[in-house]
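Colleague: I am new to this structure and should like to learn how its features are read. Please begin with a single residue.

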Amino acid sequence: MKTKFDISGMSCAACSARVEKAVSALEGVDVCSVNLLTNSMTTEGSATEAQIIAAVRNAGYQAKVAGAKKQAATVENPPASDSLKTRLVASVIFLAVLMYVSMGHMMWGWPLPDFLASDHVAMGMAQLILTAIVMVINQKFFISGFKGLVHRAPNMDTLVALGASAAFGYSVFALFAMSSARNSGNADAVMQYMHEFYFESAAMILTLITVGKMLEQYSKGKTTNALKSLMELAPTKATVIRDGKEVVIDASELIVGDIFTVKPGESIAADAIVIEGTSAVDESALTGESIPVDKEAGSKVSAATINKYGHLICKATAVGEETSLAAIIKMVSEASGSKAPIAKIADKVSGIFVPCVLAIAFVTMLVWLLVGKTAGFALARGISVLVISCPCALGLATPVAIMVGSGVGAKNGILFKTAESLEQTGKIDVCVFDKTGTVTNGTPVVTDVISSGDANVLMQVAYSLEKLSEHPLSKAIVEYANKNDIESFEITDFEIVPGNGLCAKHGDEVIRGGSVEYIKKYASIETGDAQKCDELAAMGKTPLIFVSGTKVLGVIAVADSLKPDSIEAIERIKNMGIKTMMLTGDNQKTANAIGKECGVDEIIAGVLPNEKAGVINRLKSTGVVAMVGDGINDAPALTGADVGIAIGAGTDIAIDAADVVVTGSTISDVASAILLSKKTITNIKQNLFWAFCYNIIGIPLAAGVWIHTLGWELNPMFGAAAMSLSSFCVVSNALRLNLVKLNKIKKENTMMEKTVKIEGMMCPHCEARVKKVLEEIDGVQNVVASHEAKTAVITSTKEIGDDVIKAIIEEQGYKVI
């Protein structure tokens, strides 16, 4: 059972490593993943919630089961809290006074009250009081840090607390020694001890680390902007129909089966089915595609999509946490909370980092004392080591990039279910595509009409036969006939010959349509017609011959056409150095034709659904294999592949089986998913490189390794400043992923929109007529007609003259005003 917990008290990667180690050691915990970015933990196994919470508490932290509402809040991860801002402001105020007293007077001669300027012990006491106030303001570092020591799990706060405490403690010792020297009349010793004060270092360390925490929280809040924008899409109100009247209610009160209305410009309140009205709906928030999608009675609509033009009446099919939007938010949240394999090296280092730093700091002080340096000098080097070391940068390197990458994917209709799938997608060596519905549209269309005489007679015979069949090829011919205003005639004795064709009587004449083999039995097919059929079949098309009696009327070819972006998308994937393959159950001739057209490297045809998984398993020996599909028959192959990618327009079973879901219906999103994954992994490697290099360079510098050779000496205050900026740099680098250009192939880049006011449309039939004639204009992509608004909104890829539009509409008996 998978359970998510909220963890409090973690401050760095050492904390998350400690929690993960403690929970993983429990019997019954199979998987444990702690996310420092979201302060959450996900576990799988048979261990009880109480056992897990107790293990976290014993490790020195707090845990509670994350509820549905709390999960959303965790994902949201708001910017720096008011308490942190208050701490920072108060710290800066007292630090400014402290710096004036300690450094301003000594270095620049700034004036001080006489009772301080003439009394060095009083000046020291003033510094002690001001520093103590700053320490009390930032007591959280000390509570968390020393609690970590007690539980034998030192963390970043431990380093800060020890560094500040050492600086403060040594300064207090110097103050007492100064007081003793003054009492004995040793003025030289008094001045010497004056230079041994590190009060300002202790206060500066705490203040600068607080600045770093502030910047880090602010940047971490930015990483979840994509999820926040998704959450904000959910409408708060819905207009339901109760007892024949429209009533506005909270969207959260909707239940499945409610009838609600959506006016133009409103956001749809739930997943639903349209029961009345026509419109175009902007689904860009869920799919990343900005071209509105036509909706009519029977169409499905999703929560948070926007009704553009018409008035819709819908019936809710899924509400609240069951909507598509909620599923997307949950999927991205889980991906952000999971852990990528690349993070393992950082986790191992984080687990031993703080103890190693403590040891290095102790050895540093010991060595400098042994070579004859003063206690103050040795202490300064040890404090510098403590405060410059940053386990946070290591802990944040992977999760912030995963969070931002997942968010960018969500904005573009690409959903990674786990961090592992996000990482693996960028390592693909072989990308295998299903053919039908993935590379192709999955809906056959008429591609060729070759008549032996009168083409209209050929189409009439074909339409009259095919309109009584439910076969997909028949539907393609019927759709073509309707679009071209072909009329049918009455037939009798209609018969379906399975696997061959159709026959019926028109008067006394027997009419037939079907495959070449079927028609050969009843009519003589001329050599030219037979050759043409062979040519069409070689092109991946299905030729159907129609006869009346024994006379061949002609050939109609039907084929499943390529999606508009398939060729370019596959070319993009090949340019990334990935081998492309097509896996299909179709015959070799059809598969070869489609494969050649779309440009895949290899074609495997005639594979049954239960054999696809076997093919994928064999291919895995050549590298990381991705399977891209959309149907139920693709589910085993999607599960068996290293990375299963489901086209969002496909079945729920395929989507459930996949590791990555693209919510659009085009494979250009697959190329974009691979590119985004590669960019994210590169970003993680940059973060890890920075985090490791920062510590590898910073710790020796702080320890004073380069003092004798290069003269480099690091003041503890500058070490604290470097530590506070290191995490900020890692998070800021991850935010650069928001700038990634996915190069999605979109038509909207050249889209134009024109609204026409029309007089005379009285009903939906009028709307349909206007829509039909306008969509026949070259360049028109979409038309939304409304008899209520008396408008037609035309979306086209090029400019269409007003006179052309007016002439076509007025030919139908309407008036353009």
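Modeller: Let us start with Tyr 170, which is buried, with a relative accessible area of 15%. Buried means under 20% relative accessible area, exposed over 50%, and partly exposed in between (1.4 Å probe, protein chains only). The model is a predicted one, in which local features need pLDDT of at least 70 and side-chain atom pairs count only at pLDDT 80 or more, while totals for chains, interfaces and linings use all residues. Residues are numbered from 1 along each chain as its sequence is written, and side-chain values use heavy atoms, leaving out hydrogens and water.

Colleague: What percentage of the residues in the chain is buried?

Modeller: Of the 817 residues in the chain, 53% are buried. The secondary structure comprises 31 helices and 30 strands; these are DSSP runs numbered from the N terminus, helices being H or I with at least four residues and strands E with at least two.

Colleague: How many aromatic pairs does the structure hold?

Modeller: A pair of aromatic rings is described by the distance of the centres and the angle of the planes. Here there are six aromatic pairs (ring centres of Phe, Tyr or Trp, the last by its six-membered ring, within 6.5 Å; planes under 30 degrees apart are stacked, over 60 edge-to-face, the rest tilted). One of them joins Tyr 170 and Phe 173 in a tilted arrangement, 6.0 Å centre to centre with 40° between the planes. These two residues are about one helical turn apart, because they lie three residues apart in helix α8 (residues 156-183). Phe 173 counts as exposed, at 51% relative accessibility. Tyr 518 and Tyr 522 form an edge-to-face pair, with 5.4 Å between centres and 70° between planes.

Colleague: Are Tyr 518 and Tyr 522 buried or exposed?

Modeller: Tyr 518 is buried, at 2% relative accessible area, whereas Tyr 522 is partly exposed, at 36%.

Colleague: Over which ring does the charged end of Arg 87 sit?

Modeller: The charged end of Arg 87 sits over the ring of Phe 141, 5.2 Å from its centre. The criterion is NZ of Lys or CZ of Arg within 6 Å of the ring centre and within 35 degrees of the ring normal. Likewise, the charged end of Arg 381 sits over the ring of Phe 377, at 4.8 Å from its centre.

Colleague: In what order do the strands of the open sheet run?

Modeller: Strands of a sheet pair through backbone hydrogen bonds, either parallel or antiparallel. This open sheet has four strands in the order β2-β3-β1-β4, with antiparallel pairing (two strands pair if DSSP finds at least two bridges between them). Strands β2 (29-35) and β4 (62-65) are the edges, each pairing on one side only. On average, neighbouring strands of this sheet are turned by 25° against each other, direction ignored. Strand β1 (residues 2-8) pairs with β4 in the antiparallel sense over four bridges, and Phe 5 stands opposite Val 65 in β4.

Colleague: Which strands does helix α1 touch?

Modeller: Helix α1 (residues 13-24) packs on the sheet, touching β2 and β3 (40-45), with contact meaning heavy atoms within 4.5 Å. The direction of helix α1 makes about 170° with that of β2; axes are lines fitted to C-alpha atoms, for helices over the stretch in contact, and angles run from 0 to 180 degrees between N-to-C directions. Helix α2 (residues 49-58) lies across β1, β2, β3 and β4, at about 160° to β4.
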